[in-house]
Amino acid sequence: MKKWKNRLDEMQEQKMLRVERNGCWLAFWGLSIAIFTQLIYYGPDCSDKIIGEFIVFMCLAVYIAIGSVKNGIWDRRLAPTWKANLCASLLGGIAGGVIRFFIVYREYQSVEACVDVGVIVGINIFVICFVLLSIALLVYKWKENRAEKENPDESERK
């Protein structure tokens, strides 16, 4: 198969990468909003309605997570720390608990049951997110230490 020649100069290449990056994040957040909106609107038994969006969303999420950790990239703005993991997990737990609160309220119209379920789901999501982010942080730190041992002159320049 013939490989096509890149006809972009460096500035155009940077702009194209920025457009692709923004498109990727637009798709990621658009799919997550679509999934959660459908969950709230249709209730918890809508798996047949959201399976396509969920598969694409999870493929995108797993690709970004594995690609970032594999290439030794944590984030543009957040430092790879336990505190950042704790805050991100807390935000995820709160968001998951609130979404589940609305789903249960739609079904049963009982605030007490909704709060109980929302808190339980929020705690579970917090724990799962924190564990997964902690594993990713350990892998990231391990790869970073291994790279520093291979190139000691690189770390001295920083």
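Let's start at Arg146, which is partly exposed, with a relative accessible area of 39%. One thing before I go on: this is a predicted model.

Who is the partner of Arg146? The side chain of Arg146 meets that of Glu150 in a salt bridge, at 4.0 Å from N to O. Both residues sit in helix α4, four residues apart, or about one turn of the helix. That spacing fits a general rule. An α-helix has 3.6 residues a turn, so residues three or four places apart point the same way. Glu150 counts as exposed, because its relative accessible area is 56% and the cut-off is over 50%. How many salt bridges does the structure hold? One.

Stay on α4. This helix covers residues 111–150, and it gives the most to a nonpolar surface patch, with 11 residues. The patch is about 1100 Å², and its members include Tyr105, Val111, Val115, Val119, Ile123 and Val127. Further along, Ile128, Val131, Leu132, Ile135, Val139 and Trp142 also belong to the patch. Pick out Leu132, in helix α4. Is Leu132 buried or exposed? Exposed, with a relative accessible area of 54%. Set that beside the general tendency. In soluble globular proteins, nonpolar side chains tend to be buried together.

Now step back to the loop between α3 and α4, where Gln109 lies. Just after α3, Gln109 takes a positive phi of about 60 degrees. Gln109 does this although it is not a glycine. As background, most residues other than glycine have a negative phi. Gln109 is also exposed, at 52% relative accessible area.

Next, α3 itself. The helix has 27 residues. From first C-alpha to last, α3 reaches 38 Å, close to the 39 Å expected at 1.5 Å a residue. Which residues of α3 are buried? They are Ala84, Asn85, Ser89, Gly93, Gly96, Gly97, Ile99, Ile103 and Val104. What covers them? The cover includes α1 and α4.

Asn85 deserves a closer look. Its place is in helix α3. Asn85 counts as buried because its relative accessibility is 2%, against a cut-off of under 20%. What does Asn85 touch? Leaving aside neighbours within four places in sequence, Asn85 is in contact with Trp74, Phe130, Leu133, Ser134 and Leu137.

On to the cores. The largest nonpolar core has 10 residues. Its members are Phe28, Leu31, Ile35, Leu39, Cys46, Ile50, Phe57, Leu60, Ile99 and Ile103. Which elements give two or more residues to this core? They are α1 (10–42), α2 (47–70) and α3 (82–108). Of these, α1 gives the most, with four residues. Two of the core residues, Ile99 and Ile103, were on the buried list of α3 a moment ago.

Cys46 is another member of that core. Beyond neighbours within four places in sequence, Cys46 is in contact with Gln38 and Leu39. There is also a second, separate core, of five residues. Val69, Ala136, Leu137 and Tyr140 are among them. You have met Leu137 already, as one of the contacts of Asn85.

To recap. On α4, Arg146 and Glu150 form a salt bridge. The nonpolar patch draws most on α4 too. Gln109, in the loop between α3 and α4, has the positive phi. Asn85 is buried. The largest nonpolar core draws on α1, α2 and α3. That's the tour.

Conventions: Residues numbered from 1 in each chain as written. Predicted model: local features only at pLDDT ≥ 70, side-chain atom pairs only at ≥ 80, totals over all residues. Heavy atoms only, no water. Core = buried A, V, L, I, M, F, W, Y, C linked by side-chain atoms within 4.5 Å. Buried < 20%, exposed > 50% of the residue type's maximum accessible area, 1.4 Å probe, protein only. Contact = heavy atoms within 4.5 Å. Patch = residues over 30% accessible without salt bridge, like charges linked within 9 Å, V, L, I, M, F, W, Y side chains within 5 Å. Areas by Shrake-Rupley, 256 points an atom, 1.4 Å probe, with all protein chains shown as cover. Expected span 1.5 Å × (residues − 1).
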